[in-house]
Amino acid sequence: MVIRGRGRGGMMGPGIRPGMMGRGGPLPPRPPPPFQLRPFVPKLSFDIFLCENAFPRVKPPNEDTAFTQALLKRNNDLSPTPAEQQSVLNLVTKIQTVLDGLIVSPGNFEACQIDEVRQVGSYKKGTMMTGHNVADIVCILKTLPTKEAVESLGTKVWEDLKKQDPNESKDTQMCLNERGFEISSSDASVKILVCPIHHNLKKLDPELHLDVKIVQSHLAAIRHSRWFEENAHHSSIKVLIRLLRDLRNRFEGFEPLSPWMMDLLSHYAIMNTPTRQALPINLAFRRCLQLLAAGLFMPGSAGIQDPCEQGNIRVHTAMTLEQQDVVCLTAQTLLRVLAHGGFKQILGFEGNSSIATSMSVWDGVVVSPLDKAYEKPLDMPDSGDMDQDCQDDMETGDN
């Protein structure tokens, strides 16, 4: 009797398939393959400045002299006066001197130990706006930032300031807040943002110390200022940042944009060109609205990668889906107004912010505001990678 079985090369007898038989009897069926999601491929928003060769112009572009002059005039109106800059500089210098003294020679002050002091925010970047004479300083502690230690540090700095110049320090006030403390005079203010050194973040207790998300945002502000100093020193970038922040202050639809988002957007609009040559301010301003209107900060978009964070984080993911939609539709409406010559209303020389939410007519052309394309389901929680207040760049003077 001949029994057919496995032969050379893995051949098996008739009716027998691999995996059916084993020493202990029939083998269990193979599990189905795991469900695989399609890989997420971010899409690039349409940008005419990166593909201008594929879309040749029918006629040469206009000079836009009036628009350029209006942008420069608006920037001049938004820039702080020399007196404002000097008042902030004087207060920052005094506080920096006191903090540096506590690092070198703390004396009998034992409430906390300071490791480093860094200037951050709009004052450090040169994008401060008139009427907001606020500077930001991050104070990094070697010890854990307990609420009592922050209060003691604020009191110490305030008392040393009064000792330096009793006459000029009569109007100086100190106020505690959730980020640290603020010292203000009659014409300037400095926010001292307290955080521990990086490897102490895991030791923070929410009942005893400052909130971990807040202190992480303080460390992020240092990275933002360092990156800005190395990569965004072009003067046109600072002008565009100031103009975008003015738009954010006047148009409600742009409120979700954080200072860091506007910094990166301004740098992208001016420097990201095929020739690596900086765009003029009139083209860069128009390009910002075009990018936002094309969905640069919408779900599925490649957006702008955060250069200061690991993991390919896109800066616009800090906004909720509703906020991303509102930013896009506001930019689309303002871009249509700009296309019909309404730059004076957009820059704030004429009219008001109602052009983004109400119908307007430009030389017989009706521009109607767009409706929202996204409505949040009733049972869906708020999205976003982190709280908007914590992912901002601490430039509260510009908000």
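This is a tutorial dialogue on reading features of a predicted model.

User: Happy to start with an overview. How many helices and strands does the chain have, and what share of its residues is buried?

Analyst: The secondary structure comes to eleven helices and nine strands. Of the 399 residues in the chain, 44% are buried. Keep in mind that this is a predicted model. As for contacts with a sequence separation of 6 or more, 70% of them involve residues 24 or more positions apart.

User: Now the interior. Which residues touch the most other members of the largest nonpolar core?

Analyst: The general idea first: in soluble globular proteins, nonpolar side chains tend to be buried together. Here the largest nonpolar core has 55 residues, and Leu 240, Phe 254, Leu 257, Phe 285 and Phe 297 touch the most other members. Several helices each supply at least two residues of this core: H1 (65-78), H5 (212-231), H6 (235-250), H7 (259-271), H8 (281-293), H9 (321-339) and H10 (343-347). There is also a second, separate core of 41 residues, with Ile 114, Val 138, Ala 188 and Leu 204 among them.

User: Let's take two of those helices. At what angle do H1 and H6 pack?

Analyst: A helix pair can be read from the angle between the axes and the distance separating them. For H1 and H6 the angle is about 80 degrees, and the axes are 10 Å apart. Angles of 65 to 115 degrees count as roughly perpendicular, so H1 is roughly perpendicular to H6.

User: Which residues meet in that contact, and how do they divide by character?

Analyst: On the H1 side you will find Leu 71, Arg 74, Asn 75 and Leu 78, and they meet Val 239, Arg 242, Leu 243, Asp 246 and Arg 250 in H6. The residues of this contact divide into four nonpolar, one polar and four charged.

User: On to the rings. How many aromatic pairs does the structure hold?

Analyst: The structure holds four aromatic pairs. Each can be read by two values, the distance between ring centres and the angle between ring planes. Take Phe 67 and Phe 343: their pair is tilted, at 5.5 Å centre to centre with 55 degrees between the planes. Phe 67 belongs to helix H1 and Phe 343 to helix H10, so this pair ties together parts that are 276 residues apart in sequence.

User: Are Phe 67 and Phe 343 buried or exposed?

Analyst: Buried means under 20% relative accessible area. Phe 67 has 4%, so it is buried. Phe 343, with 16%, is buried too. Ring pairs also link Phe 67, Phe 285 and Phe 343 into a cluster.

User: What is the geometry of the pair of Trp 227 and Trp 260?

Analyst: Their ring centres are 5.7 Å apart and their planes stand at 85 degrees, so the pair is edge-to-face. Trp 227 in helix H5 and Trp 260 in helix H7 are 33 residues apart, and the pair links distant parts of the chain. Trp 227 is buried at 14% relative accessibility, and Trp 260 is buried at 2%.

User: Next, the backbone. Where is Arg 276, and what is its phi?

Analyst: As background, most residues other than glycine have a negative phi. Arg 276, in the loop between H7 and H8, has a positive phi near 60 degrees. With 58% relative accessibility, Arg 276 counts as exposed. Asn 312 is another case to look at: this residue is not a glycine, yet its phi is positive at about 55 degrees. Asn 312 sits in the loop between H8 and H9 and is exposed, with a relative accessible area of 53%.

User: I'd like to compare two more loop residues. Are Thr 172 and Asp 363 buried or exposed?

Analyst: A loop position does not settle that by itself, so check the accessibility of each residue. Thr 172 lies in the loop between helix H4 (147-164) and strand S5 (173-177), and is buried with a relative accessible area of 5%. Leaving aside residues up to four places away in sequence, Thr 172 touches Trp 158, Ile 183, Ser 184 and Ser 185. Asp 363 lies in the loop between strand S8 (360-362) and strand S9 (365-367), and counts as exposed at 78% relative accessibility. From C-alpha to C-alpha, Asp 363 and Gly 341 are 9.1 Å apart in space, with their positions 22 residues apart in sequence.

Notes
Residues numbered from 1 in each chain as written. Heavy atoms only, no water. Core = buried A, V, L, I, M, F, W, Y, C linked by side-chain atoms within 4.5 Å. Buried < 20%, exposed > 50% of the residue type's maximum accessible area, 1.4 Å probe, protein only. Helix = DSSP H or I, 4+ residues; strand = E, 2+ residues; numbered from the N terminus. Axes fitted to C-alpha atoms, helices over the stretch in contact; angles between N-to-C directions. Parallel < 35°, antiparallel > 145°, perpendicular 65-115°, else oblique. Contact = heavy atoms within 4.5 Å. Nonpolar A, V, L, I, M, F, W, Y, C, P; charged D, E, K, R; others polar. Phe/Tyr/Trp six-rings, centres within 6.5 Å; stacked < 30°, edge-to-face > 60°.
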